[in-house]
Protein chains: 2
Amino acid sequence: MPADPLGAFCRDNPVSLPGAPAGPLKGRRFAVKDVFEIAGTPTGFGHPAWLRTHAPATATASTVARLLAAGADLVGRTISDELCYSLSGENVHFGTPRNPAAPGRIPGGSSAGSAAAVAGGLADIALGTDCGGSVRVPASYCGIYGIRPTHGRVATDGVLPFTESFDVVGWFARDPALLAQTGALLLGGTPAPAPIRRLLLAPALFARAEATARAALLAAVPRVAAHVAEVVEIADDFAVLDAWRVTFQTVQAAEIWATLGPWIAAEQPEFGPGIKDRFAAAATVTPQAEAAARARMAEIRATLRAMLPPGDALLLPSAPRIAPLCGTPASEVEVAYRNAAMALLCLAGLGGLPQLSLPLAEAEGCPVGLSLLGGAGADEALLALAARV
Amino acid sequence: MPADPLGAFCRDNPVSLPGAPAGPLKGRRFAVKDVFEIAGTPTGFGHPAWLRTHAPATATASTVARLLAAGADLVGRTISDELCYSLSGENVHFGTPRNPAAPGRIPGGSSAGSAAAVAGGLADIALGTDCGGSVRVPASYCGIYGIRPTHGRVATDGVLPFTESFDVVGWFARDPALLAQTGALLLGGTPAPAPIRRLLLAPALFARAEATARAALLAAVPRVAAHVAEVVEIADDFAVLDAWRVTFQTVQAAEIWATLGPWIAAEQPEFGPGIKDRFAAAATVTPQAEAAARARMAEIRATLRAMLPPGDALLLPSAPRIAPLCGTPASEVEVAYRNAAMALLCLAGLGGLPQLSLPLAEAEGCPVGLSLLGGAGADEALLALAARV
């Protein structure tokens with residue numbers, strides 16, 4: 001483990017492995033969120049009770065193996081929110097990684113330590129996971145690049161399951177060219193999709209951001225627009241956004257409880273305040289509510305996919321605000337801020353679509369990310385555009 | 001669409017695409033099950049009502065794109081069982097593909113047309129999906145190689161979802177070297193796991209096969225054993241196998257109903273007899289039963305993974321018998337035979353483990369497959385061993 005002034009790494013469960021002697025990532029250091037299995041070592045899932053009750057992994061996640069094979073050195077396992085069920089990055093058990101881009105503010109989560117480690121230069125690349133926003137939010141708060149790929153495109157073996165419908169492996173870098181190079185390895189060399197030629201800008205989505213963040217994000221749009229053929233403003237008022245958020249959160253909660261409920265019921269682990277309440281609520285989703293939400297989700301997915309043909313990408317704020325201050329009450333961070341962010345974040349999850357957050361804006365001296373949401377399979381096109389900006 | 005004397009392809013919804021001008025699969029023909037999305041064309045999921053109620057796909061599954069980029073020509077879309085919920089290959093709407101290796105017998109399913117097309121030489125490679133056995137069973141019945149990879153290792157974007165915990169993309173070939181070459185493309189070039197050095201042989205698993213199939217399968221074991229350092233007989237009586245099967249089927253049914261229940265409830269599509277009953281039963285799994293089954297599944301997964309360290313593979317019958325005759329009552333094929341097969345097939349699903357079926361045995365003049373079940377991530381090791389046999 002390298003020196004860790006940010007508290008980004010899992011102190012009690014460190015890991016490091018040398019990369020292959022040669023390869024395209026030789027000389028690069030990478031870190032992985034505490035949900036990736038590494039053979040012979042236990043995985044913590046952001047909770048000491050999980051760490052205590054699970055045996056060491058017998059296989060290494062193939063995403064981790066792929067970066068090692070490309071020559072990158074694994075320098076550490078990074079702190080995750082408890083069982084990934086938060087966007088804040090505040091872990092009451094293992095500590096909250098410091099946000100080097102916004103001192104005194106939370107790093108965002110749940111891939112908190114991965115984002116902090118990259119933002120602070122402790123690693124060049126980090127792997128995270130994103131169900132509801134767990135790569136996009138910390139990328140936005142920490143001022144780095146982060147991508148959530150198309151659902152199903154990147155291998156998830158050896159990654160602790162959370163929600164089967166939404167989980168994806170994502171990754172962070174400070175350098176967009178390195179983000180794209182990492183993508184070429186993880187996405188596996190399928191031919192590039194159509195380049196992004198047109199950006200869709202919906203004022204209604206930017207209206208979801210706080211005023212200072214909104215102004216900074218809109219001011220950054222021309223930096224991306226300069227690299228495409230046209231920008232089209234779309235009139236859609238996205239009045240449905242809060243209903244879509246609830247649909248997402250219902251399916252998410254039902255799947256989380258299906259995956260983790262048995263363990264939680266058996267172990268009764270302690271949780272931080274907002275997380276504890278969210279798990280308790282997840283246990284109450286009825287099969288009827290889940291089924292209705294799944295039916296709506298299928299319709300929403302079709303709507304979103306029709307909105308994003310090859311060559312188009314939708315611009316939106318990665319998060320509605322800069323990182324909240326450490327110590328902000330959980331009722332705000334874990335409820336009000338979370339729901340405001342989820343209204344924007346739910347689009348990628350519901351659509352199974354790729355989203356890339358670019359660190360192009362700053363408000364009150366703190367970063368906020370501008371996002372590109374692409375059609376299914378547009379991952380490489382988003383990465384190529386980000387690298388050109 | 002090529003001439004199709006087997007009825008393997010979707011006549012009403014054909015597709016063909018030329019591969020890239022050059023690549024490692026140049027000159028090879030491949031086919032894909034009717035669950036892989038191909039941009040601009042609709043997907044049928046084995047059911048005319050599904051085909052009618054869904055718009056054309058906007059993106060192509062990256063697995064399909066990868067084979068096209070490697071130079072292979074896509075020659076057709078193959079018939080699937082209705083919504084994949086059968087192991088028989090009998091489709092009352094689109095027809096039952098003929099089994100070229102066992103005339104008069106069913107091909108096995110649900111990747112029925114893919115297996116038939118490869119067995120009959122209409123394609124060199126075919127993509128299928130395997131939740132409960134939908135690659136392994138038709139590979140066994142049709143006398144070809146088929147692999148179910150480690151859960152999560154191969155991209156599933158653009159593949160219609162069925163059960164999120166068990167679905168994997170698998171593939172078929174007549175030639176084990178081509179099966180391995182296809183695997184190198186789809187598995188994406190992660191470094192090879194430890195080669196298989198030791199085979200575990202549990203007589204209790206072979207005892208699950210019918211007498212003639214069992215004798216033929218045991219007689220084939222030395223052909224594999226000749227290529228490893230040792231074979232160890234394990235005494236485990238697998239008395240738990242039927243309980244494990246029920247655990248698998250409970251989680252499977254709950255996830256299938258969560259995924260497909262809303263559409264089935266809205267559309268009321270007609271189903272073949274065994275399939276109709278199974279969907280009706282899937283709707284009745286209680287949240288309590290599902291949660292209990294998930295908790296047991298976590299324990300079973302740990303047990304299975306501990307049983308299969310790197311370098312080990314478990315031998316077992318791919319199916320307990322040769323393909324049943326066409327016209328065998330659904331009560332046998334869809335209930336009795338299905339449950340007997342599921343007791344063997346559930347191991348890979350519960351463990352998230354790779355399994356490769358080798359066409360090394362014959363009983364009553366018909367093929368039956370011998371399977372290798374590997375540890376998590378052992379995919380390339382299984383493929384390499386099969387190519388050596």
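Helices (H or I, at least four residues) and strands (E, at least two) are taken here as DSSP runs, counted from the N terminus. With that in hand, welcome to a predicted model in which chain A and chain B meet through 35 residues from each chain. Below are the interface, one helix pair within it, and a residue of chain B, Asp124(B), that sits in the loop between α3 (112-119) and β3 (125-130).

**The side of chain A that touches chain B**
- Three helices of chain A, α2 (62-69), α8 (241-267) and α10 (287-307), each provide at least two residues.
- The most comes from α10(A), which gives seven residues.
- By class, this side of chain A has 15 nonpolar, 13 polar and seven charged residues.

**α8(A) against α10(B)**
- The axes of α8(A) and α10(B) (residues 287-307) lie 9 Å apart, and the helices pack at an angle of about 70°.
- Since angles from 65 to 115 degrees count as roughly perpendicular, α8(A) is therefore roughly perpendicular to α10(B).
- The crossing of α8(A) with α10(B) is right-handed.
- On α8(A), the contact uses Ala258(A), Gly261(A) and Pro262(A); on α10(B), it uses Glu290(B), Ala291(B), Arg294(B) and Ala295(B).
- Four nonpolar, one polar and two charged residues make up this contact.

**Asp124(B) and its surroundings**
- Asp124(B) counts as buried because it has 22 C-beta neighbours inside 10 Å, and the cut-off is 20 or more.
- Leaving aside residues up to four places away in sequence, Asp124(B) touches Arg28(B), Arg29(B), Phe30(B), Ala173(B) and Leu178(B).
- Leu179(B) is 55 residues from Asp124(B) in sequence, with 9.4 Å between their C-alpha atoms.

How values were computed:
Residues numbered from 1 in each chain as written. Chains lettered and ligands numbered in written order. Predicted model: local features only at pLDDT ≥ 70, side-chain atom pairs only at ≥ 80, totals over all residues. Contact = placed C-beta atoms within 7 Å. Nonpolar A, V, L, I, M, F, W, Y, C, P; charged D, E, K, R; others polar. Buried ≥ 20, exposed ≤ 12 C-beta atoms within 10 Å, placed from the backbone. Axes fitted to C-alpha atoms, helices over the stretch in contact; angles between N-to-C directions. Parallel < 35°, antiparallel > 145°, perpendicular 65-115°, else oblique. Left-handed = near helix turned anticlockwise from the far one by under 90°.
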